[in-house]
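Welcome to this set of exercises with worked solutions. Keep the sequence and the structure open beside you, and try each task before reading on.

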Amino acid sequence: MNKRINVGLVGYGFMGRAHSNAYRQVAKFFDLEYEPVLKAVCARNEKKLEAFADNWGWESCETDWRKMIERDDIDLIDICSPNNTHREIAIAAAQAGKVVACEKPLAMNADEAKVMTDTVEKAGVPNMVWFNYRRVPAVALAKSILEEGRIGRIFHYRAKYLQDWTMSPSLPQGGATLWRLDADAAGSGVTGDLLAHSIDLAMWLIGSISSVCAMTETFIKERELQDEPGKIMPVRIDDACAFLARFANGALATFESTRYARGRKNQHTLEINGQDASIAFDLENAHELSYFDHRDEGHLRGWRNIQVWDSDHPYMEHWWVPGCVIGYEHTFIHTLADFLAGLAKGEKTCPDFRDGLATQVVCDAVLSSARNQRWETT
Ligand code: SOE
């Protein structure tokens, strides 16, 4: 009989669905000591909440997260409400001795992330941030290729994260579904929402970032409020951001993100160029990893596309027969599986809050560099 871990989820939007699916699936595909129980879900709109709980099989509903944290039958608090709620909920959960999982970005800014990290560490509670793209099998394979030393000295890192869903000037801002456009709820625009993913991956793969030089732009300056039709307010988030970076190990990087790349829905790419080899990944072709090895025999040398769908590739032995591709939702299941395995062994699983803080420090430096039009150190 597996040990049960009772989960209380805060938030039921896009990420609430992705996390609920992970809690439902994980024990069916991974042999784990801990089996998550979908104990309670919390949000303010009671009617929508009940329908959500019903659909995903959450046992109970709460409309006040404080009450959920007080419950003795909840072991883990998972936060996937808007970014401006993360700090208060995470701190209260940690102080109540709960395990804490938090959607990215960890916080609105590095100051908040620091307090949250200090609190979970002082309370000694296991914690993690859902940077799910570390658990794309092809990205995990890139990590092991780097760890095997196949790339040699690294010179360049190139990342892009492109979307196009906010291009319409008539799209409102704020409210339940468009809080990512509201600086008070999100903290920032593409920097915290998208580049946080790219920065997390870059630092995991290559090492820490020591300085950045950024530019940002807000293309559409005013939008109607979703909750107050007719009321037009300035837009205060960054619609696009590009920055140069230096890693502590001497490698150079470029990062670009926008929600105005027509036709790009969720294109998240990275390329690493080293002395001996290069690797490249594109989330729009998530089951492939491109690899070029200069040491190959000359007449055979060239980019190869590794189809990351065989049972000896990361995570793939848990799924179907080789060649049957998996997708976006599986990255959340893998994140959860690794976290639960870490809990069982009493080991921390990365990315934890300290890693989330490191990313937040870089995001703050990026925004400050763009504001002040100068290089910033992190
Ligand atoms: C934004 O559109 C978003 O939903 C991000 O918030 C997620 O983190 C990203 O993975 C997909 O895009």
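A residue is near a molecule if one of its heavy atoms lies within 4 Å of it. Please note that this is a predicted model, in which local features need pLDDT of at least 70 and side-chain atom pairs count only at pLDDT 80 or more, while totals for chains, interfaces and linings use all residues. Residues are numbered from 1 along each chain as its sequence is written, and side-chain values use heavy atoms, with hydrogens and water left out.

**Exercise 1. Find which residues surround the ligand, and look for polar side-chain atoms beside its oxygen atoms.**

Step 1: List the surroundings. They are F14, K104, Y133, Y161, Q163, W165, R180, D193, H197, N266 and Y328.

Step 2: Look for N or O atoms beside the ligand. A polar side-chain atom of H197 is 2.8 Å from a ligand oxygen. For R180, the distance from a side-chain N or O atom to a ligand oxygen is 3.0 Å, and for Y161 it is 3.3 Å.

Step 3: Ask how much of the ligand is covered. On its own, the ligand has 300 Å² of accessible area, and the protein covers 91% of this. Such areas come from the Shrake-Rupley method with a 1.4 Å probe; for residues, only the protein chains shown count as cover.

**Exercise 2. Work out which parts of the chain the salt bridge between R180 and D193 ties together.**

Step 1: Recall the general idea. Side chains of opposite charge can pair when their charged atoms come close. The cut-off for a salt bridge is a side-chain nitrogen of Lys or Arg within 4 Å of a carboxyl oxygen of Asp or Glu.

Step 2: Check the distance. The closest N and O atoms of R180 and D193 are 3.5 Å apart.

Step 3: Place both residues. R180 sits in the loop between helix 7 (175-178) and helix 8 (183-186), and D193 in helix 9 (residues 190-205), so the bridge ties together parts 13 residues apart in sequence. Helices (H or I, at least four residues) and strands (E, at least two) are DSSP runs, numbered from the N terminus.

Step 4: Is D193 buried or exposed? D193 is buried, because its relative accessible area is 11%; buried means under 20%, exposed over 50%, and partly exposed in between (1.4 Å probe, protein chains only).

Step 5: Widen the view. K104, R180, D193 and R259 are linked in a network of salt bridges, and the whole structure holds 27 salt bridges.

**Exercise 3. Classify the aromatic pair of Y23 and W58, then the pair of F292 and W303.**

Step 1: Set the rules. Rings of Phe, Tyr and Trp (its six-membered ring) pair if their centres lie within 6.5 Å; planes under 30 degrees apart are stacked, over 60 edge-to-face, and the rest tilted. A search of the whole structure gives 17 such pairs.

Step 2: Apply them to Y23 and W58. The centres are 6.1 Å apart and the planes stand at 75°, so this pair is edge-to-face. Y23 lies in helix 1 (residues 14-29) and W58 in the loop between helix 2 (46-56) and strand 3 (60-62), 35 residues apart. Both Y23 and W58 are buried.

Step 3: Turn to F292 and W303. With 5.8 Å from centre to centre and 50° between the planes, this pair is tilted. F292 is partly exposed at 22% relative accessibility, and W303 is partly exposed at 46%.

Step 4: Find the cluster. F14, Y23, W58, W130, Y133, Y161, Y328 and F332 form one aromatic cluster.

Conventions: A polar contact is a pair of N or O atoms within 3.5 Å; within protein, one must be able to donate a hydrogen and the other to accept it, and residues adjacent in sequence count only if both atoms are side-chain atoms.
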